[in-house]
Amino acid sequence: VLQISKDDVTALQCKVVCLIQNGNFKEALGVINTHTKVLTSDVIAFEKAYCEYRLNRIENALKTIQSASQQTDKLKELYGQVLYRLERYDDCLAAYRDLIRNSQDEYEEERKTNLSAVVAAQSTWEKVMPEDLGLREATYELCYNSACALIGQGKLNEAMKKLQKAEELCRQSLSEDSDVTEEDIEAELAIIHGQMAYIMQLQGRTEDALQLYNQIIKLKPTDVGLLAVIANNIITINKDQNVFDSKKKVKLTNAEGVEHKLSKKQLQAIEFNKALLAMYTNQADQCRKLSASLQSQSPEHLLPVLIQAAQLCREKQHAKAIGLLQDFADQHPANAAEIKLTMAQLKIAQGSVTKACMILRSIEELQHKPGMVSALVTMYSHEEDIDSAIEVFTQAIQWYQQFQARTNYGCCVFQPKSPVHLSLIREAANFKLKHGRKKEAISDLEELWKQNPKDVHTLAQLISAYSLVDPEKAKVLSKHLPSSDTMSLKVDVDALENSHGATYVRKKAGKLAGDNQQKEQGQGDVKKKKKKKKGKLPKNYDPKVTPDPERWLPMRERSYYRGRKKGKKKDQVGKGTQGSTTAGSSELDASRTASSPPTSPRPGSAAAVSAASNVIPPRHQKPAGAPATKKKQQQKKKKGAKGGW
């Protein structure tokens, strides 16, 4: 037809639709652009916008839809998809609501699914509390989107239950089709399992999450966006450990088309983790390059600057890191608090505690916070700067006084102080008492007692402080103490003494009574003297032989110890070539000597009897030779020192 009439509108429209059906979106768009006079926006606006949408030219698709003279239902459907990809969730939600309200066809379930996806995206990325749309969760897609919305709200347990329901519905719906295999079902469930693993990771169950992530990767799903997110999450679990695995997983995040499948925040998180991985693998140039690129994309974002500072610290350039953080804090005052906290941490790491305190005190919005006050007081105490620590307490107490004056402006009625304010005053008083500032502590304690006259503990502290400064005043205040009768405590003494942690446990009454009776019966009896047991003597003890007076000393400390003879057998080793004999080899042969005794005496022989009859115990007589005694000692030591070397 086009050969006969190349500008035939119907034929051109059919060609464009055929090309779209075959997935040739670029060629279809080329046909539309070459026949703009015939194929006007009124005729083929939807096809042109759809080709641009599929080619990821989202801004061009939006312009094409908005330039169309008539907004058909299919253009509105595409308009909602385009707004979702542009992350304009409020406009997208309004578009889908209008579609659901004004259309009745077989695609209503798909529109509701898309609507729930928009609500889930708002909850996850914009932290907007999702409204109840009243959608019946009859499909696994609706259950999945509902679970994503719950994850955005932090309701992880409820989200897990929704995902389990979605998995069950997915299996049921796919198992009804006989052509669907078990592998197809697992592939469809991959995204649900990925979200389950993410919840486990958020709950701290990293081992379970890692196992499920790896199972999904083994399935090799075709969704590059899903693979990229799972790989990124595994990298966050690995952190600075298992770096080789992280370097393999990071390749999955670089797959083609990933940037069109994920949201801007997801892509940004992946880039942050790439920079951190480069830092952990000591790729300093790559880390600087990635963090600089991230900073240019999001100049107000805090993380790229912190990564750069961390890399400089790894290179021992702490001063340069602090300078970089200071410049960022000056340019972006909104993020100055987080930056200054990091700077203070670096100063502490360098040992400059006083400078760290100065940086912390410059954060005006945190000066009065109990955590900040506690940190500053601890640091000043470490530096023994008590005056500065007391000044920190004073400034924080004054801030709460001014805050209370602002909130109660024009009110003459007495207003009690806030619990945080009272806690700061009490801590200040305790600190001053601890460091000998009694007079300053008294004013704080009086303020506390004024707020609560029934507080006995504060009154006792006040009396104790006055007793060191003004004893008369302490006596006057002691009259306000309650009597001992009113202060009686309902304590079960027996239970307290018999408790597990008691240092003294009273003996049972029955046992005590029996002991007393025995004592009464034996009062007139004379105490029997205990006989001393005789010490045990050796079996071979000979009273005629005088014992060695140095027998209790170690062998090395005895007067007759001559030391160990070294190299006794060195001279007996033969020298020369292999197989040669030395002159003295015949002397070493024991078999040639006629007078050599047998190696061991036979049992019952005369030699054995004579040896036994002439034994003198070593403890009763000085040994004949020190080396022999030492040899026995070494043998004993070897036997008892098993495994000591």
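**Exercise 1. The annotated repeat**

How far apart do the end C-alpha atoms of residues 190-223 lie, and what percentage of the span is helix and what percentage strand?

*Solution.* Keep in mind as you work that this is a predicted model. Start with the record: an unreviewed UniProt entry carries the annotation "repeat: TPR" for residues 190-223. Next, turn to the coordinates, where the end C-alpha atoms of this span are 10 Å apart. Finally, assign the secondary structure: helix makes up 76% of the span and strand 0%.

**Exercise 2. Two helices side by side**

Work out how helices H18 and H19 are oriented to each other, and describe the residues at their contact.

*Solution.* Step one is the geometry: H18 (residues 336-350) packs against H19 at an angle of about 170°, and the two axes are 8 Å apart. Step two is the classification. Angles over 145 degrees count as roughly antiparallel, and H18 and H19 are therefore roughly antiparallel to each other. Step three is the list of partners. From H18 come Lys340, Leu341, Met343, Ala344, Lys347 and Ile348, while H19 contributes Lys355, Ala356, Ile359 and Leu360. Sorting the residues of this contact by type gives seven nonpolar, three charged and no polar.

**Exercise 3. Arginine 361**

Is arginine 361 buried or exposed, and which residues does arginine 361 touch?

*Solution.* First, place the residue: arginine 361 belongs to helix H19, which covers residues 353-361. Then check the accessibility. Buried means under 20% relative accessible area; arginine 361 has 16%, so it is buried. Now look at the neighbours. Leaving aside residues up to four places away in sequence, arginine 361 touches Gln367, Leu376, Tyr380, Ser388, Glu391, Val392 and Gln395. With glutamate 391 there is also a polar contact of 3.5 Å between the side chains.

**Exercise 4. Positive phi in two loops**

Find where asparagine 282 and lysine 316 sit, then give the phi value and exposure of each.

*Solution.* Take asparagine 282 to begin with. Asparagine 282 is in the loop that links helix H14 (264-280) to helix H15 (284-297). Its phi is near 60°, a positive value in a residue other than glycine. For the exposure step, the cut-off is over 50%; asparagine 282 has a relative accessible area of 61% and is therefore exposed.

Now repeat the steps for lysine 316. The loop between helix H16 (303-314) and helix H17 (318-331) holds lysine 316. Phi of lysine 316 is near 65°, again positive in a residue that is not glycine. Relative accessibility is 67%, so lysine 316 counts as exposed.

Note on methods:
Residues are numbered from 1 along each chain as its sequence is written. This is a predicted model: local features need pLDDT of at least 70, side-chain atom pairs count only at pLDDT 80 or more; totals for chains, interfaces and linings use all residues. Side-chain values use heavy atoms; hydrogens and water are left out. Helices (H or I, at least four residues) and strands (E, at least two) are DSSP runs, numbered from the N terminus. Buried means under 20% relative accessible area, exposed over 50%, partly exposed in between (1.4 Å probe, protein chains only). A polar contact is a pair of N or O atoms within 3.5 Å; within protein, one must be able to donate a hydrogen and the other to accept it, and residues adjacent in sequence count only if both atoms are side-chain atoms. Contact means heavy atoms within 4.5 Å. Axes are lines fitted to C-alpha atoms, for helices over the stretch in contact, and angles run from 0 to 180 degrees between N-to-C directions. Angles under 35 degrees count as roughly parallel, over 145 as roughly antiparallel, 65 to 115 as roughly perpendicular and the rest as oblique. Ala, Val, Leu, Ile, Met, Phe, Trp, Tyr, Cys and Pro count as nonpolar, Asp, Glu, Lys and Arg as charged, and the others, Gly among them, as polar. UniProt positions are given in the numbering used here, feature names are shortened, and annotations may be inferred rather than shown by experiment.
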